Amino acid sequence: EGYYYPIRIKTINLHEQFDLSNIPDDKQLHQIISTEDWFIETRIKRIEDELNQFKDCLDIFDEKRKQINLETQRLVKLKGKVENLKNNQIRNESLDTVVANLRIKKNTLSLDYKRLLRNIEKRFGHLRNQDEIQNENLEIFSKVLFSRFDKAIKSCVNELLSFIDSENKKCKQLKFQEQFNG
């Protein structure tokens, strides 16, 4: 009606006209409406929207991971060039820069991954339960998304983190060898 505040109204006495003494609790109310078409359609739409949000969340994270992977590969190539430098001071400074940048990439990836895990647990974890979905197409979509996360994203993140650690270790070993030999 266009009002932006509560207003007092007059109506018929609903308590006289209807028996409002036996109000159903939440569980009973859910049983009553869960078979209604509007409720089923709304539930399916909500789950579909949540699964699409989950997919978007995975896509965004995967793009960030791919970018970090490319930047890490660039740093590894730079490390290869630095190894061949004749000037020890420039080589050591360059190795320090590579180590610092690799550490930044690792920290960024770790932080983004932790955020993704929290997000999945809080917002989308209930979608792992196939009993809640009750729609064949959405169940398949959910399985595909969680499989993508479990098998592809998790393993790629762990591999990339291990790779960054090993490259950092190699850089530190090169610096140590230079200091020991020099």
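## Helix H2 and Asp-26

Asp-26 has its place in helix H2, which covers residues 26–33. The model described here is predicted. With a relative accessible area of 67%, Asp-26 is exposed, because a residue over 50% counts as exposed. Asp-26 and Glu-71 are 45 residues apart along the chain, and their C-alpha atoms are separated by 53 Å.

## Confidence of the model

The protein chain has an average pLDDT of 89. A score of at least 70 is reached by 97% of the residues. Among the elements of the chain, H3 has the highest mean pLDDT, 94. The lowest mean, 74, belongs to helix H5, residues 130–133.

## Helices H3 and H4

Helix H3 spans residues 37–83, and helix H4 spans residues 88–124. The two pack at an angle of about 170 degrees, and their axes are 10 Å apart. H3 is therefore roughly antiparallel to H4, since angles over 145 degrees fall in that class. The contact of H3 with H4 has 16 nonpolar residues, together with 10 charged and 6 polar ones.

Asp-62 is a residue of helix H3. Its relative accessible area is 12%, so Asp-62 is buried; the cut-off for buried is under 20%. Setting aside neighbours within four places in sequence, Asp-62 is in contact with Arg-148 and Ile-153.

## Helix H5 and Ile-133

Ile-133 lies in helix H5, the element with the lowest mean pLDDT. At 0% relative accessibility, Ile-133 is buried. Along the sequence, Ile-133 and Ile-47 are 86 residues apart, while in space their C-alpha atoms are 7.1 Å apart.

Ile-47 is also one of the contacts of Ile-133 when neighbours within four places in sequence are left aside. The others are Arg-43, Leu-127, Leu-138, Glu-139 and Ser-142.

## Helix H6

Helix H6 takes in residues 136–181, and Leu-161 is found in it. Ser-142 is found in H6 as well. Ser-142 is buried, with a relative accessible area of 0%. Not counting residues up to four places away in sequence, Ser-142 touches Leu-51, Leu-127, Gln-130 and Ile-133. The contact between Ser-142 and Ile-133 links a residue of H6 to a residue of H5.

Leu-161 has a relative accessible area of 16% and is buried. Beyond its neighbours within four places in sequence, Leu-161 is in contact with Lys-106, Leu-109 and Ser-110. Leu-161 and Lys-122 are 39 residues apart in sequence, and the distance between their C-alpha atoms is 24 Å.

## Cysteines

How many disulfides does the structure hold? The number is 0. Cys-156 is in no disulfide, and the nearest cysteine sulfur, that of Cys-57, is 16 Å away. The pair does not form a disulfide because the sulfur atoms of a disulfide must be within 2.5 Å.

Two cysteines can also be described by their accessibility. Cys-156 is partly exposed, at 27% relative accessibility. Cys-171 is buried, and its relative accessible area is 0%.

Methods:
Residues numbered from 1 in each chain as written. Predicted model: local features only at pLDDT ≥ 70, side-chain atom pairs only at ≥ 80, totals over all residues. Heavy atoms only, no water. Buried < 20%, exposed > 50% of the residue type's maximum accessible area, 1.4 Å probe, protein only. Axes fitted to C-alpha atoms, helices over the stretch in contact; angles between N-to-C directions. Helix = DSSP H or I, 4+ residues; strand = E, 2+ residues; numbered from the N terminus. Parallel < 35°, antiparallel > 145°, perpendicular 65-115°, else oblique. Nonpolar A, V, L, I, M, F, W, Y, C, P; charged D, E, K, R; others polar. Contact = heavy atoms within 4.5 Å. pLDDT = per-residue confidence, 0-100.
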